Amino acid sequence: MDESDFNLKHQNENIESKIVASLERISQAFRVLLWQESKEHVLSPIQVQVLIFLLNHSDEKRKVSYLADEFNMTKATISETIKTLEQKNLITKKYEPRDTRSYIIYLTEKGKEIADKTSFFTKQISNPIQKLTDDDKENMLQSLMDIIQQLNRSGIITIQRMCKTCSYFEPSKEGKLPYCNLLNQILETADLRIDCPEHKMKA
């Protein structure tokens, strides 16, 4: 019979469960920091996340349907979020000439300012990571990317834009390092991307 990762007897005897519990603690830290940032700007956490996403991604990703997939939410929920951000004068909509139901979302100057400020909410998490050795950082990145890839394959994470799920990516083989056919370069571990603007999903 399977044991819960939160069953302390099982957890304390099982390294995999300890890792899961550790990731859960870190996710709590993300939620706390995001909530603190949200309260400061009188926004909800998802509104802050959407603003940060819009600040850092291209036009084709700034649509309601894409945002719904990105944040694993319904179009109705994301549409309500966009409506609120528009009322707060943080975003504007540009309707597409061929389809007046579809629009691209842009940040206003006020929206850009808040998005830029709030995008640093992870600083307290990145600080201890910076203190790790380069080898530890690379091992952690590789391990986390493997976990994310498995979660993507199982459908829990719907959108991925990292190297390992990209059609341009050639994994390491016969002692050779991974290679990107778009950039035409060998990829060291530190070169691997979690969110690549040129990502093309494997067929």
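Two helices stand out when it comes to the nonpolar patch on the surface of this predicted model. Helix H2 (15-40) and helix H8 (134-153) each put in at least two residues. Of the contributors, H2 gives the most, with 5 residues. The full membership of the patch runs Ile15, Ile19, Leu23, Ile26, Phe30, Ile129, Met140, Leu144 and Ile147. Taken together, these side chains offer about 740 Å² of accessible area.

Phe30 is a handy residue to follow from here. Phe30 sits in helix H2 and belongs to the nonpolar patch. With a relative accessible area of 35%, Phe30 counts as partly exposed, because that label covers values between the 20% limit for buried residues and the 50% limit for exposed ones. Phe30 also turns up in the lining of the largest pocket, where it is listed among the residues nearest the centre.

That pocket holds about 2,200 Å³ of space. Its lining takes in 39 residues, and those nearest its centre are Phe30, Thr122, Leu144, Ile148 and Ile194. Several helices take part in the lining: H2, helix H3 (45-56), helix H4 (64-70), helix H7 (123-130) and H8 each give two or more residues. Sorted by class, the lining has 23 nonpolar residues, alongside 12 polar and 4 charged ones. Leu144, like Phe30, is listed both in the surface patch and close to the centre of the largest pocket. Helices H2 and H8 likewise come up twice, once as suppliers of the patch and once as suppliers of the pocket lining.

Next comes the second largest pocket, with a volume of about 160 Å³. It is lined by 15 residues, and the ones closest to its centre are Cys163, Cys180, Leu183, Arg193 and Cys196. Here the lining splits into 10 nonpolar, 2 polar and 3 charged residues.

Stepping back to the whole protein chain, there are 8 helices and 5 strands. Going along the sequence, these elements come in the order α-α-α-α-α-β-β-α-α-α-β-β-β. Put another way, the pattern opens with a run of helices, moves to a pair of strands, returns to helices and ends on strands. The C-alpha atoms fill a box of roughly 55 × 45 × 40 Å along the principal axes. Of the 203 residues in the chain, 31% are buried.

How values were computed
Residues numbered from 1 in each chain as written. Predicted model: local features only at pLDDT ≥ 70, side-chain atom pairs only at ≥ 80, totals over all residues. Heavy atoms only, no water. Patch = residues over 30% accessible without salt bridge, like charges linked within 9 Å, V, L, I, M, F, W, Y side chains within 5 Å. Areas by Shrake-Rupley, 256 points an atom, 1.4 Å probe, with all protein chains shown as cover. Salt bridge = Lys/Arg side-chain N within 4 Å of Asp/Glu carboxyl O. Helix = DSSP H or I, 4+ residues; strand = E, 2+ residues; numbered from the N terminus. Buried < 20%, exposed > 50% of the residue type's maximum accessible area, 1.4 Å probe, protein only. 1 Å grid on protein atoms, 1.4 Å probe; cavity = no way out; pocket = protein on both sides within 12 Å on 5 of 7 lines; lining within 4 Å. Points joined across faces, edges and corners; volume = space filled by probe spheres on them. Nonpolar A, V, L, I, M, F, W, Y, C, P; charged D, E, K, R; others polar.
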